[in-house]
Amino acid sequence: LPPAPPTALAEPMASSLLEPGLHMTLYQTVSSRAFRVLWTMHEMGIADKCKVITMPFPPRVFVRDYLKLNVLGTIPYFVDQGGNVKMTESCAIPKYLVEKYGPTSLEVKPSEEDWATYINWIAHADATLTFPQTVVLRYTLQEKGRADNAATDYGKWYLARLRLLDNTLEDGREFLCAGRFTIADICIAYALELGVSFGFDKSYKPQTKAYLERMMARPAFKAAKEHQDRSAAEFQDMQAKL
């Protein structure tokens with residue numbers, strides 16, 4: 001999620017808290033867009049190969065050393081290949097993972113009929129469904145009272161942009177494309193889950209609400225939730241000892 005402007009001074013953080021792991025490293029905050037990455041790793045069975053560092057939000061305020069790693073100060077930040085791979089986009093990283101560390105049924109290949117649909121859903125998840133919610137987040141939680149109309153309008157925009165998903169799910173399909181669970185489902189389901197935190201799910205169509213419930217019932221989804229909470233507690237404990 002986009003970081004908010006600093007509202008309070010934060011104590012300098014020791015760089016040791018942000019030391020990358022031996023293999024992959026994921027820098028995140030709880031329930032941020034980075035969850036798409038963590039969920040993907042759990043579905044693939046490779047989460048044990050990644051060091052997960054779950055910081056308080058926003059990290060640019062509370063973990064100022066983070067800006068030395070990621071000048072944007074945004075979440076997620078993913079590192080691989082000894083630092084040769086550095087990525088910041090929550091829908092691009094799952095695509096990197098399935099293509100780099102596959103083969104996996106989570107990927108739809110160019111030779112498959114639904115490949116273009118798969119690519120479109122991945123982009124649609126952030127550009128169309130998550131973006132308006134970040135505006136709502138900013139002006140309802142981080143800067144309340146500064147742009148209330150913008151928050152209201154972008155909430156309506158998000159719900160209106162669910163039309164493509166609503167129409168697609170009307171035929172009773174279990175997954176978005178290729179007849180199986182893919183990272184397209186991960187990317188889209190996260191946007192829907194984010195909407196729950198704002199109460200938007202009260203306006204979800206029955207087929208869309210049922211789809212989200214199926215996605216959240218997956219064992220890997222639940223394991224990723226537990227992983228992020230455990231990681232956040234570990235970071236908090238280490239932070240308190242400095």
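V79 in strand β3 has K86 as its bridge partner in β4. In this predicted model, strand β3 covers residues 77-80 and is joined to β4 by three bridges, with the two strands running antiparallel.

Both strands belong to an open sheet of four strands, ordered β2-β1-β3-β4, in which the pairing is mixed. Strands β2 (50-55) and β4 (85-87) form the edges, each pairing on one side only. From one strand to the next, the twist averages 15 degrees.

Two helices are described against this sheet. Helix α1 packs on the sheet and touches β1 (24-29) and β2. Helix α10 lies across β1 and β2. The table gives the angle for each helix.

| Helix | Residues | Reference strand | Angle |
|---|---|---|---|
| α1 | 35-44 | β1 | about 135 degrees |
| α10 | 219-240 | β2 | about 65 degrees |

The largest nonpolar core has 66 residues. Helix α8 (residues 183-196) supplies the largest share of this core, ten residues. In soluble globular proteins, nonpolar side chains tend to be buried together. Which residues have the most contacts inside the core? They are W39, M41, M55, L97, I188 and L192.

What does M41 touch, leaving aside residues up to four places away in sequence? The residues in contact with M41 are M24, L26, I46, A47, C50 and L97. L97, which M41 touches, is itself among the residues with the most contacts inside the core.

Technical notes. Residues numbered from 1 in each chain as written. Predicted model: local features only at pLDDT ≥ 70, side-chain atom pairs only at ≥ 80, totals over all residues. Heavy atoms only, no water. Core = buried A, V, L, I, M, F, W, Y, C linked by side-chain atoms within 4.5 Å. Buried < 20%, exposed > 50% of the residue type's maximum accessible area, 1.4 Å probe, protein only. Contact = heavy atoms within 4.5 Å. Pairing = 2+ DSSP bridges. Axes fitted to C-alpha atoms, helices over the stretch in contact; angles between N-to-C directions.
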